[in-house]
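Okay, thanks for having me, everyone. Let me put the structure up, and then we'll walk through how its pieces pack together.

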2 protein chains.
Amino acid sequence: MDLSSIEIFLAVASDRSVTKAAKAVGRVPSNVTTRIQQLEEDLDVSLFSRDGKKMTLTREGETFLGYANRLMALALEARQAVRPLAPSGTLRVGTMESTAASRLPAALTQFNQMWPDVSLHLTMGASRDLARDVLSDALDCALIARPPKTMGEEDSSFDAELKALEMEPVFVEDLLIVLPSGHPSIKSAADLRVGSLAALEPGCTYRRIAENWARKSSALPTSELGSYHAILASVATGNTAGVMPRSVLDLMHWPMPVQTHQLGPVETLLVYRRNDRPSAFNAFHEVLSATKGRDIRLATN
Amino acid sequence: MDLSSIEIFLAVASDRSVTKAAKAVGRVPSNVTTRIQQLEEDLDVSLFSRDGKKMTLTREGETFLGYANRLMALALEARQAVRPLAPSGTLRVGTMESTAASRLPAALTQFNQMWPDVSLHLTMGASRDLARDVLSDALDCALIARPPKTMGEEDSSFDAELKALEMEPVFVEDLLIVLPSGHPSIKSAADLRVGSLAALEPGCTYRRIAENWARKSSALPTSELGSYHAILASVATGNTAGVMPRSVLDLMHWPMPVQTHQLGPVETLLVYRRNDRPSAFNAFHEVLSATKGRDIRLATN
DNA sequence: CGTCTTAATTCCGGAAACGAGATCTTTTCA
DNA sequence: TGAAAAGATCTCGTTTCCGGAATTAAGACG
């Protein structure tokens with residue numbers, strides 16, 4: 001029994017899907033399948049019942065889920081307990097709007113419980129600006145979106161800034177175009193029947209990915225909005241397509257079913273300066289890693 | 001952080017020696033060294049202080065020790081909890097005298113706490129007889145000593161019986177010749193200055209290994225005794241050399257320091273019939289595996 | 001004070017495990 | 001009924017892991 005298998009198990013259990021879980025933990029589906037099978041063979045019990053393409057926990061799987069959560073929590077606690085000096089002081093964290101909404105709440109709650117002496121300063125912003133702030137020491141670290149490598153050339157200064165920083169993938173988001181309800185399904189930007197694209201600030205990587213995608217076939221204007229709620233409201237008017245990751249869309253239980261189109265996976269990176277990590281940073285880093293692939297809702301523990 | 005690394009860590013912590021720990025968990029010392037170093041790097045803290053050739057836990061190592069024990073216990077509990085039907089009924093276990101004395105108490109205590117519905121029947125005997133009893137279904141499983149392969153030819157029927165059974169190494173014993181205090185240290189059987197060898201029954205593998213060793217240079221008679229206490233008492237008379245594993249010798253805090261000579265490592269195997277495992281057997285097997293390499297004294301939990 | 005022994009570490013080659021992609025099968029949805 | 005999607009299976013290249021040999025360092029003993 002391996003802790004990494006348990007992490008994978010938790011992801012599958014909370015997504016009820018091998019494919020989703022694979023994305024969540026940053027692996028390939030075939031790998032997830034085999035690790036689950038190994039775990040089942042090791043425990044000599046079947047954890048999931050595969051009826052059709054749904055993965056639902058068996059009764060044994062349910063009881064194991066409880067232990068799996070406790071095991072991961074205990075491992076994290078052990079990790080933190082051996083840290084020679086308890087972190088304290090201030091940690092300045094930059095984050096994208098979307099990450100703050102969907103993935104951070106669970107991690108931040110846990111972090112606060114573990115290290116009440118650290119005061120966390122959260123700054124929201126676009127990936128570009130955040131990266132620059134980390135470089136200039138206005139922030140200790142930031143969660144930003146990795147620009148697809150096809151976009152690297154068109155913004156070489158951003159690319160250079162990233163190279164000067166240490167980085168590590170922590171989440172994978174499924175970036176979506178959200179269409180008004182009733183809009184016919186689309187294959188490319190040419191099929192869009194809206195007047196504009198709704199997104200956040202210009203420095204936002206998600207926005208730039210979407211604009212890049214739209215530019216190939218049509219010339220839509222982008223209307224800039226301040227929040228994802230505003231974007232959704234704008235989509236509801238019928239004449240706008242919104243840009244946001246699936247995790248954010250899932251979060252706001254929107255009354256109507258919306259039509260979506262996938263722009264593909266986008267990694268969220270934790271970036272920080274080399275050789276300059278406040279003691280609280282390592283603790284934050286570990287809590288984030290442990291949150292990887294977990295359900296957005298807090299683990300019941 | 002890997003559960004097998006933690007198992008290795010526990011062994012090193014309780015033996016304060018990588019060589020001993022390597023034997024206890026059935027690995028090679030270099031491997032143990034590497035795994036400990038990996039663990040230390042992963043946790044970014046040093047767990048042991050290497051002053052000279054002693055491995056002593058650092059303060060951080062001490063705190064990690066607590067978590068390591070809890071982690072292993074929780075993993076074992078998880079394993080048992082998913083077992084679809086709680087084992088019950090009877091499990092007939094055969095064991096060598098020595099294993100019953102040194103290794104089993106901790107495991108049996110834990111097993112009883114976990115599965116009070118199983119009534120364990122313990123039978124003591126020599127490896128040969130135990131193997132035969134498992135084959136004939138007089139026992140469900142047994143803990144026996146693996147005869148060195150150089151001895152395989154001279155007792156081919158025992159060898160054939162073992163081949164018919166499933167087997168798995170669970171402990172490694174350090175087999176000793178125990179000499180009377182004051183006896184000069186020896187390099188081979190030729191240096192013995194005693195009148196006889198004290199051991200258990202003829203079917204006992206340890207006895208046969210020792211007789212094999214003694215035969216090469218001298219022709220000592222073997223005096224048969226009923227227990228390890230009797231053997232030690234006999235050694236104390238000054239005219240006998242005893243045969244027993246180190247774990248047993250360590251157990252009886254004998255007043256005088258005794259001179260010993262190593263006959264080498266001997267594996268203890270758990271043997272059982274293929275395709276015939278009572279539900280309680282799997283549970284017993286798992287508890288035994290978890291006990292592997294742990295300190296003889298019960299883990300403080 | 002040197003030599004001998006024992007223990008830990010380092011180094012290296014073979015073996016096993018692992019992860020990614022391609023392919024196959026089955027389910028579901030249009 | 002056909003197309004799309006998801007899970008399982010297979011293969012292959014890579015990484016990791018383990019065991020043995022060589023190396024280094026620390027005590028033991030004369």
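So, start with α4 and α12 in chain A, and remember that what you're looking at is a predicted model. The axes of α4(A), and of α12(A), which covers residues 279–291, come within 11 Å of each other and cross at roughly 170 degrees. How do α4(A) and α12(A) run relative to each other, then? We call an angle over 145 degrees roughly antiparallel, and that's why α4(A) and α12(A) get that label.

Who's actually touching whom here? On the α4(A) side you've got Met72(A), Leu76(A), Arg79(A) and Gln80(A), and they meet Ala283(A), Glu286(A) and Ala290(A) in α12(A). Sort the residues of that contact by class and you get four nonpolar, one polar and two charged.

Okay, zoom out a bit to the domains. Chain A is assigned two of them: domain 1 runs 3–82, and domain 2 runs 91–298. Their centres, taken over C-alpha atoms, are 26 Å apart. How many residues are in contact between domain 1 and domain 2 of chain A? On the domain 1 side it's 13, and on the domain 2 side it's 12. The helices of chain A that each supply at least two residues to the domain 1 side are α1 (3–15), α2 (18–25) and our friend α4 (59–81). That side of domain 1 splits into seven nonpolar, three polar and three charged residues.

Now let's bring in chain B. You can lay chain B onto chain A with a rotation of 179 degrees and 0.0 Å of shift along the axis, and the RMSD is 0.2 Å. That is the relation of a two-fold axis. If you want to find that axis on the screen, look for Asp2(B): in chain B, its C-alpha is the one nearest the axis, at 2.8 Å. Also, both copies use the same surface, with 95% of the contact residues of chain B recurring in chain A.

And how many residues are in contact between the two chains? There are 20 from chain B and 20 from chain A. Which helix gives the largest share of chain B's side? It's α4 of chain B, residues 59–81, with 12 residues. As for the classes, chain B's side has 13 nonpolar, two polar and five charged residues.

So let's look at the two α4 helices together. α4(A) and α4(B) pack at about 170 degrees, and their axes are 10 Å apart. By that angle, α4(A) and α4(B) are therefore roughly antiparallel too. The contact involves, among others, Phe64(A), Tyr67(A), Leu71(A) and Leu74(A) from α4(A), and Phe64(B), Tyr67(B), Leu71(B) and Leu74(B) from α4(B). By class, the contact has 14 nonpolar, two polar and four charged residues.

Last stop, a helix pair inside chain B. The axes of α7(B), residues 127–135, and α9(B), residues 156–163, come within 10 Å and cross at roughly 45 degrees. So α7(B) and α9(B) are oblique to each other, and their crossing is left-handed. In α7(B), Arg128(B), Ala131(B), Arg132(B) and Leu135(B) do the meeting, and in α9(B) their partners are Phe158(B), Glu161(B) and Leu162(B). Four residues in that contact are nonpolar, none are polar and three are charged.

That's my tour, so go ahead and ask away!

Note on methods:
Residues are numbered from 1 along each chain as its sequence is written. Chains are lettered from A and ligands numbered from 1 in the order in which they are written. This is a predicted model: local features need pLDDT of at least 70, side-chain atom pairs count only at pLDDT 80 or more; totals for chains, interfaces and linings use all residues. Domain bounds come from an automatic or database domain assignment. Two residues are in contact if their C-beta atoms, placed from the backbone, lie within 7 Å. Helices (H or I, at least four residues) and strands (E, at least two) are DSSP runs, numbered from the N terminus. Ala, Val, Leu, Ile, Met, Phe, Trp, Tyr, Cys and Pro count as nonpolar, Asp, Glu, Lys and Arg as charged, and the others, Gly among them, as polar. Copies are superposed by least squares on the C-alpha atoms of residues with pLDDT of at least 70 in both. Axes are lines fitted to C-alpha atoms, for helices over the stretch in contact, and angles run from 0 to 180 degrees between N-to-C directions. Angles under 35 degrees count as roughly parallel, over 145 as roughly antiparallel, 65 to 115 as roughly perpendicular and the rest as oblique. A crossing is left-handed if the near helix is turned anticlockwise from the far one by less than a right angle, and right-handed if clockwise.
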